[in-house]
Every structure is written in C-alpha cells, then in structure tokens.
Amino acid sequence: MSEQTSAREARDALDAVAGARREVAREVGLPRAYWWTVAAGWILVGVFSDLNNPWLIGAAPLAFGAGHAALAGRLLSGRQRTRGLRVSAAVAGRRPALVTICLLAALTVTTIAVALALHADGMRHPSIGAAVLVAVLAAGAGPDLSRMLSRMLSRTRRA
Amino acid sequence: MTAETGPDADLAGGTPRFDELIHPSTRLTLVATLASTDWAEFGYLKDRLAMSDSALSKQLTTLEQAGYVGTERRLEGKRHRLRARLTARGRQAFDGHVAALRQIVTAAEGGDNV
C-alpha cells in the first residue's frame, strides 16, 4: 500500500496529523472555575487588606498563595481544561504554568498600582476597589489574557 | 538532551512502518488526536471528528481489536463515560506510520530535485 501512496497523499495525511495535534493543543488552558476562584480569593485579600489589621494584611496574601499552591498545583499544567480530555505533556509543554504565573504577577502589580491610585484619590477602601476591579478582569478575561500571553511567548520564542 | 515539547513541537519520530489500519483519513485523525492526549472521552472525539455514535464506536472497536486503543468505562454521577487512550503499541504504530509518510514525501522531494 505504501508504494501506492503518492507524495501528495502522504503530505495531506501529515497535514491531517498536524491539524489534529493543533486542535488538541487548543484545549490547553485552565478551567473557567479556576479564574472565578482566583477572582473570589483576590476580593477576599482586598477586603482583609482594608481592615487595617497588620496580621490580616500580612496573612491574607500568604493564605491566598498557600491555597493557590495547594488547589491549583495540578491545574497549572493546563492539561485538563475540560472533562473531555487530558492533553499529553508533550503537547501542553511547560508554557501554561509559566503563563499563569506571569499573569498572576501582572495582576498583583496592577492591583497595587490601582490601589495606590485610588488611595491618592482619597477613596475610603482602595484595596477593595482595586481587588474588585482586578477580580472582574481575572474572571472575565483570564482565559483570553492567558491565550494572548501564550501567543506572545510563542512568537518571542520563534523570533 | 531533552525532547522539545509544546503545541509547536515537531511530531515524534519512529522507525518508518506504513500502517494500513491507521492510514484511512478518519482513523488517522482519530489516532493522531489520541496520540496528542493521555486520554479523550467519547463525547469529545465525537464532536471533534464530527462522527455519529455508531461510526465512532466502530472505529474504536477496530483499533481496540488491533491493540492500538484501550477503552475504559467510568461512572460519573449517573452517567457512564467512555474514555479512550492510545496503547504503547498504538503509539508505536502511529509514530512508525508518520515516519513512513515523511519518508514518502522526502523521497518524492529528492526525486523532484534530480
């Protein structure tokens, strides 16, 4: 049979194989519930930060970090965004975890910047205001931001 | 040296061995999809390949009989869900088939250059 398979057929078959791999790669990411949970945690940290209790201000981000590490450790590989499949490690690569950590760092910096701006503007609860704003961003656009960052990283790697 | 991973990574190589069981287009896409996963559920495969329940079952049975695919029925809530995964033998056959396809393309390109 291989003798009867033309180069064009073989090329089409290889394209089909690459296409199937790309389709599976599109499934890489974190579940929507992850972003909702992060958003809820973010607001809680914001609320605790505005209570003016130094212990709570210090403990809230630590508790968030510990909770995140315990609950999201396995999700960060990005291999099981849905219940329909688990993407192989070879296809998922190490990028999803890196992208999510970069995104969380960027959200943290944004929260601090917004809180400082709101404080300077005389708002009574700047931490809550900043946390709610960033939580909405994380819950609404987390998956899109993650995909965008992933594409940027992939372009940088190719360049 | 570590193998490159990620969606842009090259497909795995293998000893070229054309596999007639894998080659038909629907089955090739099914096996290629399974090769990129640890496992996939029947529902995902059905949607991805736009196949009917019976057509997909038939393809999975053929591959299972050849020892290329393993299936597992899991009870989740009140529903049974079927998971399919490529066996080591199936993965080897798939890698060999992809290598054989590449060999055909390379040979043709070499012939074109003469």
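**Exercise 1.** In this predicted model, how many residues does each chain give to the contact, and which elements of chain A supply the side that touches chain B?

*Solution.* Start with the totals: chain A puts 31 residues into the contact and chain B puts 29. Next, look at the elements of chain A. At least two residues of the side that touches chain B come from each of α1 (7–25), β1 and α4 (89–92). Of these, α1(A) gives the largest share, 14 residues. Finally, sort the side of chain A that touches chain B by class: 17 residues are nonpolar, 6 are polar and 8 are charged.

**Exercise 2.** Trace the sheet strand by strand and find which strands lie at its edges.

*Solution.* The sheet is open and has 4 strands, in the order β1(A)-β1(B)-β3(B)-β2(B), with antiparallel pairing. Its edge strands are β1 (85–87) of chain A and β2 (69–76) of chain B, each of which pairs on one side only. On average, neighbouring strands are turned by 25° against each other, direction ignored.

Now take the pairings in turn. β1(A) and β1(B) run antiparallel and are joined by 3 bridges. Leu85(A) has Ala40(B) in β1(B) as its bridge partner. Within chain B, β1 (residues 37–41) pairs with β3 (residues 79–86) in the antiparallel sense over 2 bridges. Glu41(B) is opposite Arg83(B) in β3(B).

**Exercise 3.** Which strands does each of the helices α1 and α2 of chain B meet?

*Solution.* Helix α1 (residues 25–35) of chain B lies across β1, β2 and β3 of chain B, at about 90° to β3(B). Helix α2 (residues 42–49) of chain B packs on the sheet and touches β1 of chain A as well as β1 and β3 of chain B. The direction of α2(B) makes about 85° with that of β1(B).

Technical notes. Residues numbered from 1 in each chain as written. Chains lettered and ligands numbered in written order. Predicted model: local features only at pLDDT ≥ 70, side-chain atom pairs only at ≥ 80, totals over all residues. Pairing = 2+ DSSP bridges. Axes fitted to C-alpha atoms, helices over the stretch in contact; angles between N-to-C directions. Contact = placed C-beta atoms within 7 Å. Nonpolar A, V, L, I, M, F, W, Y, C, P; charged D, E, K, R; others polar.
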